Amino acid sequence: MNGPRFNFGRFALMATLLIGAAFFLAPLYVMVATSLKDADEIRNGNLLSLPGSLNFSAWREAWSTACTGADCRGLQPFFWNSVWMAVPAVLISTAWGAVNGYVLSLWKFRGSETFFGLLLFGVFMPFQVVLLPMSQVLGWLGISSSIGGLVLVHCLAGLPSTTLFFRNYYAAVPGELLNAARLDGAGFWQIFLRIIVPMSTPIVMVTLIWQFTQIWNDFLFGVAFSGADSKPVTVGLNNLANTTSSVKAYNVDMAGALIAALPTVAVYVLAGRYFVRGLTAGAVKG
C-alpha cells in the first residue's frame, strides 16, 4: 500500500506564504517587543530579543504622561479626538453614499452617468489639491480648527468612494423588484428603507471598515485643519515621536504607535471576514 505522496508544489506554496507572513509581521513583532522593554533592555539587547518580562510602563506613559511638544498628557486627548471625529464621519459618509448609490443605480435621471463620472474624479484626486479651498470653506462656515470641521472634511473626501461602493452594489438589484414595489404604492424612501437597506449589510460593512480605516489613519487633514484642542491621534503620535529629550524613549514611541493602531486592528480582526464577503457580494447578477 503506497503512503501519502509528497506534494512539492504545495510545500513550496506554503513555505513561500510563511516566509512572506514572517517578513510582513516582523515590524509588528519588533514594535510589540520594544514597547514591553525598559531602557536598559533596549540598550543592551537587540531588536529581535524578547523582553525579560511584560512591562507595560511604556504603554502607561504613552497614554497619559508622555510629552507631545509642550503638552505632557500623552496620547489620551488625541485618541478621544479621533473617536469623536471618526465615528460621526464614518456614519454620515456611509449613509450619504448609500443614498447617492441608490439614486445613481436605481433612480437614473438625465445626466446621471455624467454626474457619476464627475463624482469619481474625487476618488483619484490628490487631497493636497483641496487643502486651500477647503480651509476657506471651513472659515466661511465658522468651523475651522474644530472637530466638526474635520468631520465635514472627511465626509466630503469619502463621499466619492462610498458612492462608488453602493452604486456598484445596487446595480445588481433586479429592476423587477423595484417595479413591483412601485406597483404596490411604495415611494422613494419606502423602497430604500424597507427593501434596499435590509439587503445592504455586506456593502455597509465594507464601507464602514474602509471609511473608518481611512479617517482614523489620516494625517494630512488632521494636521491641516485641526486646532490645539482638536488634533487627532495621528498628529499626536507624530508630535510624540518628534519631541526631543535627553534619551530617546523608543519603547514609549512604539507603545504610542500601537495605541494609535489598535482601533483599526480591532475592526479588521472583528469584521474582516465581512469585508471580503462585501467586496464579492453583488459582483455577479443572478
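Start by selecting aspartate 253: with a relative accessible area of 15%, this residue is buried. Keep in mind as you click around that you are looking at a predicted model. Now add lysine 248 to the selection, and you'll see its side chain meet that of aspartate 253 in a salt bridge, 3.1 Å from N to O. Lysine 248 sits on the other side of the burial cut-off: its relative accessibility is 32%, so it counts as partly exposed.

**Stop two: a charged network**

Next, pick Lys108, Glu113 and Arg167 together; salt bridges that share partners join them into one network. Zoom in on arginine 167 and glutamate 113, where the closest N and O atoms of the salt bridge are 3.2 Å apart. Colour by helix and you'll find arginine 167 in α7 and glutamate 113 in α5 (residues 112-124), so this pair ties together parts that are 54 residues apart in sequence.

How buried or exposed are the two ends of that bridge? Arginine 167 has a relative accessible area of 17%, which makes it buried. Glutamate 113 comes out at 41%, so it is partly exposed.

**Stop three: one more bridge, and the tally**

Jump to aspartate 71 and arginine 73. Their side chains also meet in a salt bridge, at 2.9 Å from N to O. Aspartate 71 is partly exposed at 23% relative accessible area, and arginine 73 is partly exposed too, at 47%. If you want to hunt for the rest, the count for the structure comes to five salt bridges.

While you're in this region, step back to alanine 70, in the loop between α3 (57-65) and α4 (76-106). Show the surface here: at 84% relative accessibility, alanine 70 counts as exposed. Then draw a distance from its C-alpha to that of tyrosine 274. The two residues are 204 apart along the chain, and the line should read 42 Å.

**Stop four: helix α5 and its neighbour**

Come back to α5 and select phenylalanine 115, which is found in this helix. Phenylalanine 115 is partly exposed, with a relative accessible area of 43%. Try another C-alpha distance, this time to leucine 104: the two are 11 residues apart along the chain and separated by 8.7 Å.

Now show α5 and α7 as cartoons and hide everything else. Their axes are 8 Å apart, and the helices pack at an angle of about 130°. That makes α5 oblique to α7. As for handedness, α5 passes α7 in a left-handed crossing.

**Stop five: the other partners of α7**

Leave α7 (residues 147-170) on screen and bring in α6 (residues 131-141). This pair packs at an angle of about 135°, with the axes 11 Å apart. α6 and α7 are therefore oblique to each other. The crossing is right-handed as α6 passes α7.

Swap α6 for α10 (residues 201-216). Here the axes come within 10 Å of each other and cross at roughly 155°. Since that angle is over 145 degrees, α7 is roughly antiparallel to α10. α7 passes α10 in a right-handed crossing.

**Stop six: an odd backbone angle**

Where should you look for serine 145? Go to the loop between α6 and α7. Check its backbone torsions: phi is positive, about 60°, although this residue is not a glycine. With the surface switched on, serine 145 counts as partly exposed, at 44% relative accessibility.

**Last stop: a greasy patch**

Finish on α1 (residues 8-35), where you'll find valine 32. At 34% relative accessibility, valine 32 counts as partly exposed. Which residues join valine 32 in a nonpolar patch on the surface? Add Phe24, Leu25 and Leu28 to your selection; with Val32 they form the patch, and together they have about 400 Å² of accessible area.

Key
Residues numbered from 1 in each chain as written. Predicted model: local features only at pLDDT ≥ 70, side-chain atom pairs only at ≥ 80, totals over all residues. Heavy atoms only, no water. Patch = residues over 30% accessible without salt bridge, like charges linked within 9 Å, V, L, I, M, F, W, Y side chains within 5 Å. Areas by Shrake-Rupley, 256 points an atom, 1.4 Å probe, with all protein chains shown as cover. Salt bridge = Lys/Arg side-chain N within 4 Å of Asp/Glu carboxyl O. Helix = DSSP H or I, 4+ residues; strand = E, 2+ residues; numbered from the N terminus. Buried < 20%, exposed > 50% of the residue type's maximum accessible area, 1.4 Å probe, protein only. Axes fitted to C-alpha atoms, helices over the stretch in contact; angles between N-to-C directions. Parallel < 35°, antiparallel > 145°, perpendicular 65-115°, else oblique. Left-handed = near helix turned anticlockwise from the far one by under 90°.
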